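User: Please take a close look at one part of this structure, the place where two helices pack against each other. Then follow the charged pairs that link other parts of the chain.

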Amino acid sequence: MRSGFRHHLRRATAPQHEAAEAAFAPLTANIGQGLRGFLCAQRQAFATLVAAPAPAAAQISHQITLDLLDRLDRDLGPRTDAPQDPPPLDPLAVDYLVLGSRLGTEVLRRRLLDEMPGVTLPMYFRAPPATAEWQRVCAALDRVSLNSAHAARIKIDVRRGFDIFAAAAYAACEGQGSTEGQP
């Protein structure tokens, strides 16, 4: 059995992760149809995470998040909505959320290409992989002591982050309307 804080974090936040996945399910079940809603939800969640009061310099994912937001703005047009009022989040929690989301996005990219051969991928799906950054986050998480105050804070903040993604997905599902499938 795997040990270390990263694996503990994954287990401890599994219900919130599953709830966020369920919130995205209407958008990702047929990614070609839910594409615009998916991209809108990602933009809302990332905008909220990047606005969270945390030392950006301490975040491994900060520049990646800004790049993803730029790509999403190019895919969707200029933002007209404001991010949610974010709680302060631990930088390592934000890194875990942002870089972990890239793993799921890769799966969706492949499904999109399978569903719509020859489609021009939105800029969001063409972001470079962040493998080295993800490995740095995994290593940093494994250095966190399981019973420390820092570990407790990260768990709380990752749960909050999954809630941010879920709220963004629910909002996108409500607002998807007749623009489904249009990036």
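Analyst: An axis here is a line fitted to C-alpha atoms, for a helix over the stretch in contact, and the angle between two axes runs from 0 to 180 degrees between N-to-C directions. The model is predicted.

The two helices are H3 and H5, the latter covering residues 91–115. Their axes come within 12 Å and cross at roughly 165 degrees. An angle over 145 degrees counts as roughly antiparallel, and H3 and H5 are therefore roughly antiparallel to each other. The crossing of H3 and H5 is left-handed.

Which residues meet at this contact? From H3 come Ile31, Gly32, Leu35, Phe38, Gln42, Phe46 and Leu49. On the H5 side they meet Val94, Leu97, Val98, Ser101, Thr105, Leu108, Arg111, Leu112 and Glu115. Sorted by class, the contact of H3 with H5 has 10 nonpolar, four polar and two charged residues.

Now the charged pairs. Side chains of opposite charge can pair when their charged atoms come close. The cut-off for a salt bridge is a side-chain nitrogen of Lys or Arg within 4 Å of a carboxyl oxygen of Asp or Glu, and by this rule the count comes to eight salt bridges.

One of them starts in H3: Arg43 forms a salt bridge with Asp73, with 3.1 Å between the closest N and O atoms. This pair links distant parts of the chain, since Arg43 sits in helix H3 (residues 31–51) and Asp73 in helix H4 (residues 62–76), 30 residues apart. Both Arg43 and Asp73 are buried.

Helix H4 also holds a salt bridge between Arg74 and Asp70, whose closest N and O atoms are 3.0 Å apart. Arg74 and Asp70 are four residues apart in H4, so about one helical turn separates them. Arg74 is partly exposed, at a relative accessible area of 48%, and Asp70 is partly exposed too, at 38%. Elsewhere, salt bridges that share partners join Glu106, Arg109 and Arg110 into one network.

Another salt bridge pairs Arg6 with Asp142, and here the closest N and O atoms are 3.6 Å apart. Arg6 belongs to helix H1 (residues 5–12) and Asp142 to helix H6 (residues 131–142), so the pair ties together parts that are 136 residues apart in sequence. Arg6 counts as partly exposed at 22% relative accessibility, and Asp142 is partly exposed at 35%.

Key
Residues are numbered from 1 along each chain as its sequence is written. This is a predicted model: local features need pLDDT of at least 70, side-chain atom pairs count only at pLDDT 80 or more; totals for chains, interfaces and linings use all residues. Side-chain values use heavy atoms; hydrogens and water are left out. Buried means under 20% relative accessible area, exposed over 50%, partly exposed in between (1.4 Å probe, protein chains only). Angles under 35 degrees count as roughly parallel, over 145 as roughly antiparallel, 65 to 115 as roughly perpendicular and the rest as oblique. A crossing is left-handed if the near helix is turned anticlockwise from the far one by less than a right angle, and right-handed if clockwise. Contact means heavy atoms within 4.5 Å. Ala, Val, Leu, Ile, Met, Phe, Trp, Tyr, Cys and Pro count as nonpolar, Asp, Glu, Lys and Arg as charged, and the others, Gly among them, as polar.
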